[in-house]
Structure formats: C-alpha cells, structure tokens
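Trainee: Mind walking me through this model? I'd like to know how you read it.

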Amino acid sequence: FEFLYSAGFLCGVVWWLRAETKASLINQIYCPGLLIGWAWIVFVPYHLFKTRGLRALLPLLALFGSYFVAYLVTVVLYLIFQPVVIADP
C-alpha cells in the first residue's frame, strides 16, 4: 500500500506538471520524477506562483488545508480507537 501511495502521488504530480507545461510558457523541468520526489513541497508552490501569480493562493490553501485536515482526522481516529490500558497497582 505504501508503495502504491508513493508511486501514485508522484505520478499524479508529474502528469499535472507535464499538462501545465503544455498550457503555459514555462519550460519543462529536467527529470520531473526525481525533483518531485525530493522537493515537491517547495516546487509545487513555486510553480503555482510562477504560472498563476496571486491566484495560486487558493490551490495552495486547498493543498495545505487538506494535509492538515487529514493529519487531524488521523490523530482523532487514533485517540478514539487506541486500546485503553489500565495499569494494575
């Protein structure tokens, strides 16, 4: 599952970047898979601001908002479903 998640995420971002380079005047990056694998958290916001200007704030808020909401849901589910351990005195 972890492999499929990582591969799917990287392929999705690389396909998105390739579609973006066809629609804009930005040159295609060299070896997009390696760059996205290591620095997607920096490169995706940079690319959005370079191609969209201030209109990039909405997709960035959606990206980071979904990340933090998923993290919060994970913590809440962990706290709900973790087994309660009662220590014997």
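Here is a short chat about confidence, the core and the surface.

Trainee: In which helix is confidence highest?

Mentor: Keep in mind that this is a predicted model. The protein chain averages a pLDDT of 78, and 78% of the residues score at least 70. The lowest mean, 75, belongs to helix H2 (residues 32-52), while the highest, 89, goes to helix H3 (residues 57-81).

Trainee: Which element gives the most to the largest nonpolar core?

Mentor: That core has 7 residues: Val13, Leu17, Phe43, Val44, Leu48, Ala56 and Leu60. Two elements supply two or more residues each, namely helix H1 (2-23) and H2. The top contributor, with 3 residues, is H2.

Trainee: What is leucine 60 in contact with, leaving aside neighbours within four places in sequence?

Mentor: Leu60 belongs to the largest nonpolar core, and so does Leu48. With those sequence neighbours set aside, the contacts of leucine 60 are Pro45, Leu48 and Phe49.

Trainee: Why does valine 76 count as partly exposed?

Mentor: Valine 76 sits in helix H3. Val76 is also part of a nonpolar surface patch with Val69, Val73, Leu77, Ile80 and Phe81, together showing about 590 Å² of accessible area. Partly exposed runs between the 20% and 50% cut-offs, so valine 76 fits because its relative accessibility is 42%.

Trainee: What separates the C-alpha atoms of threonine 51 and glutamate 20?

Mentor: Threonine 51 is in helix H2 and is partly exposed, at 24% relative accessible area. Along the chain, threonine 51 and glutamate 20 are 31 residues apart, and their C-alpha atoms are separated by 8.6 Å.

Definitions and conventions: Residues numbered from 1 in each chain as written. Predicted model: local features only at pLDDT ≥ 70, side-chain atom pairs only at ≥ 80, totals over all residues. Heavy atoms only, no water. pLDDT = per-residue confidence, 0-100. Helix = DSSP H or I, 4+ residues; strand = E, 2+ residues; numbered from the N terminus. Core = buried A, V, L, I, M, F, W, Y, C linked by side-chain atoms within 4.5 Å. Buried < 20%, exposed > 50% of the residue type's maximum accessible area, 1.4 Å probe, protein only. Contact = heavy atoms within 4.5 Å. Patch = residues over 30% accessible without salt bridge, like charges linked within 9 Å, V, L, I, M, F, W, Y side chains within 5 Å. Areas by Shrake-Rupley, 256 points an atom, 1.4 Å probe, with all protein chains shown as cover. Salt bridge = Lys/Arg side-chain N within 4 Å of Asp/Glu carboxyl O.
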